[in-house]
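I opened the notebook with a short list of things to look up, beginning with unusual backbone angles and going on to the fold, the ring pairs and the pockets.

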Amino acid sequence: MTLQWLADLPHATLLRHWDTAYLLVNAAHICAIGVLFGTIAALDLRLLGAARALPLSSAAPYLARMAASGLLLAVLTGFWLFSVQPAQYLGNTAFLAKLALIALGTLNALWLHAGRSWRRLLADAPVPPVARLHAALSILLWLAAIVAGRWIGFL
């Protein structure tokens, strides 16, 4: 399957021919990752027992929305960067690992939010062990996704 049609779209051509545009989109991607991981780390560390004075009933919804916003912006800018050389990225093991880790991190978050643990957290109940497990897994998955993203340029 050829993805040349994607590389030929105007937004991809713009990035290939205007270095400043590529730089700005790449910077936006990095900022989005910062928002995503920063808010996820804050929430996960709180679930793991840090900053116990911070009520989860107010912090968790805010941090979850911020993380979702960071993820959305990272996906949009990441797709824009991907469209510049789609065939090369799909042949890159680190890129494929990054996509898998992002999918697992997202599924982990959705699983936590869909369960009873999340509703208990919003009621300021004690953090259940399953939520702590999700938090630890979340930090590991998102850190691994960041490492895989950095690894792309080395393969």
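Entry 1, backbone angles. I looked up Asp 124 and found that it is partly exposed, with a relative accessible area of 42%. The model is a predicted one, and I keep that in mind for every value below. Asp 124 is found in the loop between helix H7, which covers 116-122, and H8. Its phi is positive, at about 60°, although Asp 124 is not a glycine. I noted this angle because most residues other than glycine have a negative phi. I then turned to Ala 51, which is not a glycine either and has a positive phi of about 50°; Ala 51 lies in the loop between H3 and H4.

Entry 2, the fold as a whole. I counted elements next and found eight helices and zero strands in the protein, so that the order from the N terminus on reads α-α-α-α-α-α-α-α. The C-alpha trace spans about 55 × 25 × 25 Å along its principal axes. Of the 155 residues, 37% count as buried, and the protein exposes about 9,000 Å², of which carbon and sulfur atoms supply 74%. I also looked up how far apart in sequence the contacting residues are: among contacts with a separation of 6 or more, 78% are between residues 24 or more positions apart.

Entry 3, aromatic rings. How many aromatic pairs does the structure hold? I found four of them. One is the pair of Phe 82 and Phe 95, which is stacked, with 5.5 Å centre to centre and 5° between the planes. Phe 82 lies in helix H4 and Phe 95 in helix H6, so this pair ties together parts that are 13 residues apart in sequence. I checked the cover of both rings' residues: Phe 82 is buried at a relative accessible area of 11%, and Phe 95 is buried at 10%, since buried means under 20%. Phe 95 also forms a pair with Tyr 89, and this one is tilted, with 5.2 Å centre to centre and 45° between the planes. Taken together, ring pairs link Phe 79, Phe 82, Tyr 89 and Phe 95 into a cluster.

Entry 4, the largest pocket. I looked up the open space and found that the largest pocket holds about 790 Å³. Which residues are closest to its centre? Of the 28 residues that line it, these are His 29, Ile 33, Lys 98, Gly 149 and Ile 152. Five helices each supply at least two residues of this lining, namely H3 (19-47), H4 (56-82), H5 (86-90), H6 (93-114) and H8 (129-151). By class, I recorded 21 nonpolar, five polar and two charged residues in the lining of the largest pocket.

Entry 5, the second largest pocket. The second largest pocket has about 300 Å³ of space. It is lined by 19 residues, and those nearest its centre are Ile 40, Ala 64, Ala 67, Ala 109 and His 113. The elements giving two or more residues to this lining are H3, H4, H6 and H8, and H6 gives the most, with seven residues. I sorted the lining of the second largest pocket by class as well, and it divides into 12 nonpolar, six polar and one charged.

Entry 6, one residue of H6. I ended with Thr 106, whose place is in helix H6. Is Thr 106 buried or partly exposed? At 23% relative accessibility Thr 106 counts as partly exposed, because the cut-off for buried is under 20%. Leaving out residues up to four places away in sequence, I found that Thr 106 touches Leu 71 and Trp 142. For a distance across the model I took Thr 106 and Tyr 22, which are 84 residues apart in sequence and 26 Å apart in space, C-alpha to C-alpha.

Notes: Residues are numbered from 1 along each chain as its sequence is written. This is a predicted model: local features need pLDDT of at least 70, side-chain atom pairs count only at pLDDT 80 or more; totals for chains, interfaces and linings use all residues. Side-chain values use heavy atoms; hydrogens and water are left out. On a 1 Å grid over the protein atoms alone, a cavity is a set of points where a 1.4 Å probe fits but cannot get out, and a pocket is an open set with protein on both sides within 12 Å along at least five of seven lines; lining residues have an atom within 4 Å of a point. Grid points are joined across faces, edges and corners, and a volume is the space filled by probe spheres set on the points. Helices (H or I, at least four residues) and strands (E, at least two) are DSSP runs, numbered from the N terminus. Ala, Val, Leu, Ile, Met, Phe, Trp, Tyr, Cys and Pro count as nonpolar, Asp, Glu, Lys and Arg as charged, and the others, Gly among them, as polar. Buried means under 20% relative accessible area, exposed over 50%, partly exposed in between (1.4 Å probe, protein chains only). Contact means heavy atoms within 4.5 Å. Accessible areas come from the Shrake-Rupley method with a 1.4 Å probe; for residues, only the protein chains shown count as cover. Rings of Phe, Tyr and Trp (its six-membered ring) pair if their centres lie within 6.5 Å; planes under 30 degrees apart count as stacked, over 60 as edge-to-face and the rest as tilted.
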